[in-house]
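Let's take a walk through this one together. Have the sequence and the model open side by side, and we'll go from one part to the next.

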Amino acid sequence: MTASPILFRGGRLFDGHRFLDQTDLRSDAQGKIEAIGNDLQPLAGEVVVELDGKWLLPGLVDCHVHFREPGLVHKEGYLTGSSGALHGGVTTVMEIQNNPPLMETAELLRQKMVDLHGVSRVDFVPYGNLTVRSMDQIAAMVGLTPAVKCFLGCSTGSAGVADEKTMRMLFTAAAQAGMKVVAHCEDDQIMADAQAHATAETADRHDLMRPAVGEIESIRNAIRVAGEVGAELHVFHISTADGGRLVAEANDAGQAVTGTTGTQYLLVTAEEAYAAKQNRFKVNPAIKSDEHRQGLRELIRDGRLQGIGTDHAPHPLADKDRPYAKAPSGFPSIDLVLPMLFAIADDSGMDMSLLLRAMTSQPADEFGLSQKGRLQLGADADLVAVDPNVQRQVEESELPSKCKWSPFHGRQMRGFPLQVWLRGELVFDHGEFPLKPSGKPIFLSEN
Ligand SMILES: [Zn+2]
């Protein structure tokens, strides 16, 4: 497919690391960035997009989403999920299958990527699953995915790894295959103890039933075992400041350990989550106290965590609207990623460039997506135009992902993407999707 060359003029360009002095960018007929400069002049027949001071960003890379396809498509699917992604400014998703069939063989991974041809509106990368069943399949997955997901604590649709012996066996298998492990870290025993000692006051406090210490101890153990067997480890959706610091310290000490936090842990506190109706903010790991939120903001500010993901994990509202103990964890968030980053910046005083970096160049570098997350000559022209000054109220029924509800419903937010281009083609235009889905699997070579 060929794109039309486009000249973007007069914007505030963010290159994945910093805002640039240059204001203009050209994408070529192959959908690549061909030039970045000032006063670029239109070529004959070229489409010109006048940015008038609006921001032009690399499409965001979300390293942690659940699109539930195949297996649970009444909750989400690639078409609706990827439509939500574009609405939120995301052009690449990295997706975790946590419902059957888990991605436990190279064949399943390959088949999934083939089946999604013509379905996804954004480029996509499914992770493999690291389980006792898939252990001897990991070597065959090399080249098809940058990492394999391991659940060290039980969560939606997944039992946690049973004991340390099993963790050691799994991490060893990944290390031998040279595959990075991405992990959900929470300690099942600590969570079971918290539930066994629940009182009337604590029994429906998600942050107390899945307490901070459960994550911190699980991260500590995972780092130790990964170090002992030589596995590369990435800890996902870190919700505690202490857990984030453990990752940063291991990384400082030269161990191959990295981590990401989640948009919700930088924005929301346990008190706000508890006050929300219908378990809308119930998510695993639980949203923690303001102290943890502040500590995580510091780690992102100092560049000591490698990024931010959403953990977009949708369920129909009817499933969520049950008594606390029966409501599933997770909520839809990908439709609002960019406004959430602006909200974090506004609330924390943090520079927007740090938050943008955490969802563009950092995850792209971490997971080997050399064409993504950057405005750089030769990179994919995945671009987002946004006017940071325009605010509006979130109306959940208008969000493109499947569930049509959001814990941010009714909130005034700013920074909604106006237009999004995928490899030089306009794929999102003021709420509309002008093209058929054209997203590609990044790790499946076309032939
Ligand atoms: Zn998740």
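Which residues of helix α2 (residues 106–115) are buried? Keep in mind that we're looking at a predicted model. The buried ones in α2 are Ala-106, Leu-109, Lys-112 and Met-113. They all sit on the same side of the helix, because they span an arc of only 130° around its axis. And what does that side pack against? Quite a list: the buried residues of α2 pack against two helices, α1 (78–87) and α3 (138–141), as well as the strands β8 (90–95), β9 (123–126) and β10 (128–129).

Now for the metal. The zinc ion takes its protein donors from His-64 and His-66, each through NE2, and from Asp-311 through OD. These donors lie 2.1 to 2.3 Å from the zinc. Read along the chain, their spacing is H-x1-H-x244-D. Both of the histidines are buried.

His-66 deserves a closer look. You'll find His-66 in the loop between β7 (60–65) and α1. How is His-66 classed, buried or exposed? With a relative accessible area of 4%, His-66 falls under the 20% cut-off, so it counts as buried. The side chain of His-66 also meets those of the other two zinc donors: there's a polar contact of 3.3 Å with the side chain of His-64, and another of 3.1 Å with the side chain of Asp-311. Setting aside neighbours within four places in sequence, His-66 is in contact with Glu-76, Ile-96 and Asn-98, and also with the run of Asp-311, His-312, Ala-313 and Pro-314.

Let's finish back towards the start of the chain, with a sheet. Strands β3 (residues 24–27) and β4 (residues 33–37) run antiparallel and are joined by four bridges. Asp-24 has Gly-37 as its bridge partner in β4, while Arg-26 has Ala-35. Five residues lie between the strands of this hairpin, and Gly-31 takes a positive phi near 75° there.

Zoom out, and the hairpin turns out to belong to an open sheet of four strands, ordered β4-β3-β1-β5, with mixed pairing. The edges are β4 and β5 (47–50); each has a single partner strand, so one side of each has no neighbour in the sheet. On average, neighbouring strands here are turned by 15° against each other, direction ignored.

Conventions:
Residues numbered from 1 in each chain as written. Predicted model: local features only at pLDDT ≥ 70, side-chain atom pairs only at ≥ 80, totals over all residues. Heavy atoms only, no water. Donors = N, O, S within 2.8 Å, 3.2 Å for Na, K, Ca; no water. Buried < 20%, exposed > 50% of the residue type's maximum accessible area, 1.4 Å probe, protein only. Arc of directions from axis to C-beta. Contact = heavy atoms within 4.5 Å. Polar contact = N/O pair within 3.5 Å; in protein donor to acceptor, adjacent residues only side chain to side chain. Pairing = 2+ DSSP bridges. Axes fitted to C-alpha atoms, helices over the stretch in contact; angles between N-to-C directions.
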